[in-house]
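Me: I would like a close look at one part of this structure, namely the pairing of its strands and what lies around them. Please take it step by step and keep the account connected.

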Amino acid sequence: MAESKLNIVVAGAGLIGRLLAWRLSKKGHQITLFESGSLKHPAGACQTAAGMISPLSELFHCPLPIYQLGMQSLQYWPQWAQQLELATGVSVDYRQAGSILIAHPQDRSELLQFQQELNAKLGPEKSGQLQWLDRNALQNLEPELSGFERGLYLASEADIDNRKLLPALLHALEVNNVQLREQTPVECRPGEILTGNRTEKFDLVLDTRGLGARSQIAGLRGVRGEVMVVETAEVTLNRPVRLLHPRYQLYAVPRANNQTVIGATEIESDDMSPISLRSTMELSSALYSIHPAFAEARIIKTRVNCRPATMDNMPVVESRPGLIRINGLFRHGYLLAPALAAQAEREIDTLTQTTEQVT
């Protein structure tokens, strides 16, 4: 018995909105995707992020459910990236080469604290996911880190180039005949959306609007994040590197064309103004401390955005007849989006099967 196909609207064309529209259109559902801004030039946090998929690294600051969802996402990302590349002919540069955590000698206790925190949350049986590296092992994996004596290797972690992924998803939506409606803010209700003074009916509304849904999610707030993109041929990293420090964690994520995305800032503010002098100096100084050759790197871009976050920084997943709402992914968009999209997809599969049995 064939499953019923639904007329579904996705409100919000960020990462999870695009993933849901793509996955559901592959199953033959009629999908309409609304975006309040531009589809080709997204302005949300998904465009600014570094694209890290790092459940172990994030567990240090986050509750266990974030890690568990992230581990699920690590199962989806390789298959989904491959499917997307086959459908579009465009590489999204998914890389599962792990990540490395380092600290300067005076901050070596940060590495020990990191290990102890993860052991406490995961238990001894999973402590093997962290591998200590001495100087030789560290240089074998990352020759550019010759100035560091020890590090932690998290082999399961991955990253993806969001600047390639988001256009690839948009192309896949066009191929799958998804109706794309940009520059159209909407309000979401069960089974319907409001565009201006017009109401449109659908079998199901998927609300993934991020901060655009603030009026409907109590306590949803914006948390400012800033990144810099630098370019130099003098330093070549093979995977994301995190520098642990008592005040912050700097990450450096290598990208194509000798570029590196660096970031660490997390500011309780909705401010979308350009990156501050203080952040620029702190990021640059921390990057220079990883390798002196970064001193001659050129700052080619700075990016600022506000991540949608709840009061406890946990994602919001709400479901009622005619409406599924997913929001509040905070700094974990690429870590959580596949797991939450797959969860919604399973719920919709159940709904279509039930609808078919009723009819």
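Reply: In this predicted model, Thr 195 has Arg 198 of β11 as its bridge partner. The strand on the other side of that match is β10, residues 192-195, which is joined to β11 by four bridges and runs antiparallel to β11. These two strands belong to an open sheet of three, ordered β9-β10-β11, in which the pairing is antiparallel. β9 (187-189) and β11 (198-201) occupy the edges; each has a single partner strand, so one side of each has no neighbour in the sheet. From one strand to the next, the twist of this sheet averages 25°.

Another open sheet has six strands, in the order β8-β2-β1-β12-β19-β18, and its pairing is mixed. Its edges are formed by β8 and β18 (316-320), each of which pairs on one side only. Here the average twist from one strand to the next is 10°.

Within the six-stranded sheet, β12 can be followed to both of its neighbours. Towards β1, the pairing is parallel and extends over four bridges, with Asp 207 of β12 as the bridge partner of Ala 11. Towards β19, the pairing is again parallel, over three bridges, and Leu 206 is matched with Ile 324 of β19. How are the side chains of β12 directed, and are they buried or exposed? Leu 204 and Leu 206 point one way, Val 205 and Asp 207 point the other way, and all of them are buried. This can be set beside a general rule: in a regular strand, side chains alternate between the two faces of the sheet.

Leu 206 also leads into the nonpolar interior. The largest nonpolar core has 50 residues, and Leu 15, Leu 165, Leu 206 and Tyr 334 are the members that touch the most others. Among the elements that each supply at least two residues to this core are the strands β1 (7-11), β2 (30-34), β12 (204-207) and β19 (323-327), together with the helices α1 (15-26), α4 (64-88), α7 (162-175) and α9 (333-358). α9 makes the greatest contribution, with 10 residues. A second core, separate from this one, has 25 residues, including Phe 148, Ile 262, Leu 283 and Val 304.

Which element lies across the strands of the six-stranded sheet? α1 lies across β1, β2, β12 and β19, and runs at about 165° to β2. Leu 15 of α1 has contacts that reach well beyond its own stretch of chain: apart from neighbours within four places in sequence, Leu 15 touches Cys 46, Trp 77, Leu 165, Leu 166, Leu 169, Gly 333, Tyr 334 and Ala 337.

α1 also packs against a further helix. The axes of α1 and α4 come within 13 Å and cross at roughly 70°, which means that α1 is roughly perpendicular to α4. The crossing is left-handed. On the α1 side, the contact is made by Leu 15, Leu 19, Trp 22, Arg 23 and Lys 26; on the α4 side, by Trp 77, Trp 80, Gln 83 and Leu 84.

At one edge of the six-stranded sheet, Leu 180 lies in β8, residues 179-181. Leu 180 has a relative accessible area of 28% and is therefore partly exposed, as partly exposed residues fall between the 20% and 50% limits. Beyond its neighbours within four places in sequence, Leu 180 is in contact with Leu 33, Leu 39, Leu 170, Leu 173 and Glu 174. Of these, Leu 39 is 141 residues away along the chain, yet its C-alpha atom is separated from that of Leu 180 by 8.4 Å.

Two loop residues complete this view. Phe 330, in the loop between β19 and α9, has a positive phi of about 55° although it is not a glycine. Is Phe 330 buried or exposed? With a relative accessible area of 8%, Phe 330 is buried. Asn 258, likewise not a glycine, has a positive phi of about 60°. Asn 258 sits in the loop between β15 (249-255) and β16 (259-263), and is partly exposed at 43% relative accessible area.

Key: Residues numbered from 1 in each chain as written. Predicted model: local features only at pLDDT ≥ 70, side-chain atom pairs only at ≥ 80, totals over all residues. Heavy atoms only, no water. Core = buried A, V, L, I, M, F, W, Y, C linked by side-chain atoms within 4.5 Å. Buried < 20%, exposed > 50% of the residue type's maximum accessible area, 1.4 Å probe, protein only. Contact = heavy atoms within 4.5 Å. Pairing = 2+ DSSP bridges. Axes fitted to C-alpha atoms, helices over the stretch in contact; angles between N-to-C directions. Parallel < 35°, antiparallel > 145°, perpendicular 65-115°, else oblique. Left-handed = near helix turned anticlockwise from the far one by under 90°.
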